[in-house]
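Me: I would like to understand the words people use for a protein model. Could you go through some of them with me?

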Amino acid sequence: PQLLKSEVGNEVISEFANLNKTGQSSFLLLIIKKQASETVMRRKSLNPTQWGKLFPAIPNSVSTHSFDTTLLMILLRNLCGFTAPLTGWDALPAVTNLSREADIARVKYFRNTVYGHAENASVDDVKFNEYWRDIRDTLVRLGGVTYVAAIDDLRKECMDPEVEDHYMELLDEWKKDEDNIKLLATLVMASATPTASSTKETTNYARLCRLLVDIGTQALRDTLNSLHPPANLYTLFPAIPNSVSTHSFDTTLLMILLRNLCGFTAPLTGWDAMPAVTDLSREADIARVKYFRNTVYGHAENASVDDVKFNDYWCDIRDTLVRLGGVSYKAAIDDLRNECMDPEVEDHYMELLSEWKKDEDNIKDQLDEIMKKLDALAPAKEVPGIILEKTQSKSLLTMCRYHVDEECLYYCRKCKVCICRICGQRLHDNHTKAGIQQAAEERKRSLEKILFEAKAEIVAVERKIRKQLELREKSKSRTAAAKKKVISNVEGLIQVLRDHENVVKVKLTEIDEKQEKNHSARLEKLETFASELRKSVERSEGIFQRDNAVEILEDENVVFTPCKELLSRCQKMKVYTPDDISYVVDTTNMTALREMIQQSLDQIVVSDHSRSVAQGKGLNEADLGAQAEFTVITKDSEGKQFYSEQGQVTVFVESMSGAEEVHIIDEKDGIYTVHYNPRSVGPYQIDIEINGWPLTGSSWRVDVKPHQYKVVRSCGSRGKTRGKLKRPASIAKNEKTGNITVAEFDKKRFQVFDTDLNYLMTRKGVAGPQTENTVKIGPPWSVAFLRNSDMIVIHGDLFSRKNVSYH
């Protein structure tokens, strides 16, 4: 069963289907849609899950990686123009028939043959070798010689009982799926009258389920792909490494990978609660998907959602998925809202949402069960491996040092020690105490910040090392270029100039050696700091992994205090910036060479870029979506503003999600204005180079925060009289006059205020019938002004058609 139903067997059929349709899944989708539109019977031969994989809500997400074996067999037989072998699709073809059609039929025949042993679930060695050889030859002919190694490795691979049961169950499901399709086709032929029915409320619920299951899962999948391309996910252990694809990942697995592999930090409200409205980070939107899943699942008992709640849910979920997946998702979500859903499809998506919830609950239950079993193990019980070691160390560390039979249950805040029940009643009776776990959690929160900073500093130090190596190579390159230039200009001169050449080369060599010494010294320090930080972090993570309260509290000075000292020293350590070396030839002296043989013919110019500066708010803080700005000023060796046409200023702005677009305006006077628009919240790094050399102070770290709206001015209070407001619906400013107009829904009026928010007048529509010069206005929804001060109003009752008036 493992060879037939493993990733190898399924990948052979999947790749074969791709090859038969040019390998383009979009082309395959067009063919399927054309075939499916000819008859309803074509759809009834597939279950809703298979149908959803062929026609996903996001059209470009279709992939044969997500097709199960039954679906692949249906497509190969019906869409690829194959003719059934002489023995038919269900019998073993002749030995001499090695066509593709015959091998496809053989796959099914071998499935039935192996399934014949399902009752006893055993195959003797003779039959096993015979089956394996026949199946192997068939799959290699279909998939190519690259499958030989994978199949041979599979034969030698160790299989534990749980894996054996898994593949037996998959083979059984394959057989049942095909039997169900045959039964379904029979029932369709007997009756085409649908028996199920639905209401508007149940359709609302099913539509929300599909939005979360179909498009929500694809948004999570695209998010994972953007951070970890499928080519890098070989660590998830498929039999064919290059066959891994997120298309086959279910929603629960995607959630686990996003939380644990992508370096995301949980939102302030946690992974299981609704994040703050102002938090629009990826982490927050991932948490929102789960929150919306739980919210919609709360209606599962009645399987219905009224129109008001449906509209609220739909808007919130749509905005979240569009932020995660991109603007291309908007059209697909809008189409899904208007798409017709029959009762069978509704039931299918309700069941999928329920399975998603149950899968996650099952994982939590299994983890709880594992933890209970670990806790039940006796400390002295001989258990192989790490479990025994952890259990014993935990038992020893949690006991009181003064009362060996008592466990530490409290933490004395005054004495800063862990104490037992007896210590708390005697020596620490009047001291402030806290529960051991509570104190440990509080301490962990403060220590985690240090750990996070240490990890971040490792990255920063490694970046400095790479930069130092780059600068060293650049410095050596510039020095070497200067040497070549010296040689090319001195050649052909008399021996006296040869002596001059040697003098210049010695000077350059001395500079090079001095800079090399500085480079090596700084690199050695950086590498030492990086090594010490790694050791400290590894030790700290070991403490957190063991999660022992006493160890966390009492090892702070041993582990985390040195770590903080290292952090302080590392942050003060700067990259050594060498002087810029160039060789400049004095052409005037070269002309008078023969007459001024003793005069210096050239000079070594050492440029100092440390005088140039960068300044501005954009180097310190920035808001999400708002343009940030700073300036770079180039200066000469005397500190005066200086401009050179050969000067080149380069700026790199990078966030956790990648490089940001930067615009540099050269003012032609030594001033360069730099603009960038942050696209995500979090830490940013800004690097500035002049002619390839880092500017003094580079790199800058900028904390990008969510955009905060601030109250500039306010006026009015709740009421019906002039100057007071009741249910304001819209506000607009007349740019020509500066006046501000507020539309009130309930009062059907517009109040006008001046630029200082002083009340000016009230405007209303006429009470009687509408004429050419007067207009009858309903409750206003929105108001706006044109450039010529004309006002446009959208008005009308809550459930009636809206009107547009022009004033």
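Me: What makes the two faces of strand β21 opposite, covered or uncovered?
Reply: Strand β21 (residues 791-795) has M791, V793 and H795 on its covered face, while I792 and I794 are on the uncovered one. Strands here are DSSP runs of E with at least two residues, and helices are runs of H or I with at least four, numbered from the N terminus. Please keep in mind that this is a predicted model, where local features need pLDDT of at least 70, side-chain atom pairs count only at pLDDT 80 or more, and totals for chains, interfaces and linings use all residues. Residues are numbered from 1 along each chain as its sequence is written, and side-chain values use heavy atoms, leaving out hydrogens and water.

Me: How do you know that β20 and β21 pair?
Reply: Two strands pair if DSSP finds at least two bridges between them. Strand β20 (residues 780-785) is joined to β21 by 5 bridges, and the two run antiparallel. A784 stands opposite I792 in β21. The two strands form a hairpin with 5 residues between them, and S789 in the turn has a positive phi of about 80°.

Me: Why is the pair of F128 and W132 called tilted?
Reply: Rings of Phe, Tyr and Trp (its six-membered ring) pair if their centres lie within 6.5 Å; planes under 30 degrees apart count as stacked, over 60 as edge-to-face and the rest as tilted. The structure holds 6 aromatic pairs. In the one made by F128 and W132, the centres are 5.5 Å apart and the planes are at 40°, so this pair is tilted. Both residues lie in helix α8 (residues 125-143), 4 residues apart, about one turn of the helix.

Me: What makes the pair of F753 and Y759 edge-to-face?
Reply: Their planes are at 75°, with 6.1 Å centre to centre, and that makes the pair edge-to-face.

Me: Why is W132 called buried?
Reply: Buried means under 20% relative accessible area, exposed over 50%, and partly exposed in between (1.4 Å probe, protein chains only). W132 has 9%, so it is buried. F128, at 30%, is partly exposed. F753 has 3% and is therefore buried, whereas Y759, at 25%, counts as partly exposed.

Me: Which residues of helix α15 are buried, and why are they said to be on the same side?
Reply: In α15 (residues 328-338), the buried residues are Y329, A332, I333 and L336. They cover an arc of only 100° around the axis, which puts them on the same side of α15; the arc is that of the directions from the helix axis to the C-beta atoms. The face turned away from this buried side carries the exposed residues D335 and N338.
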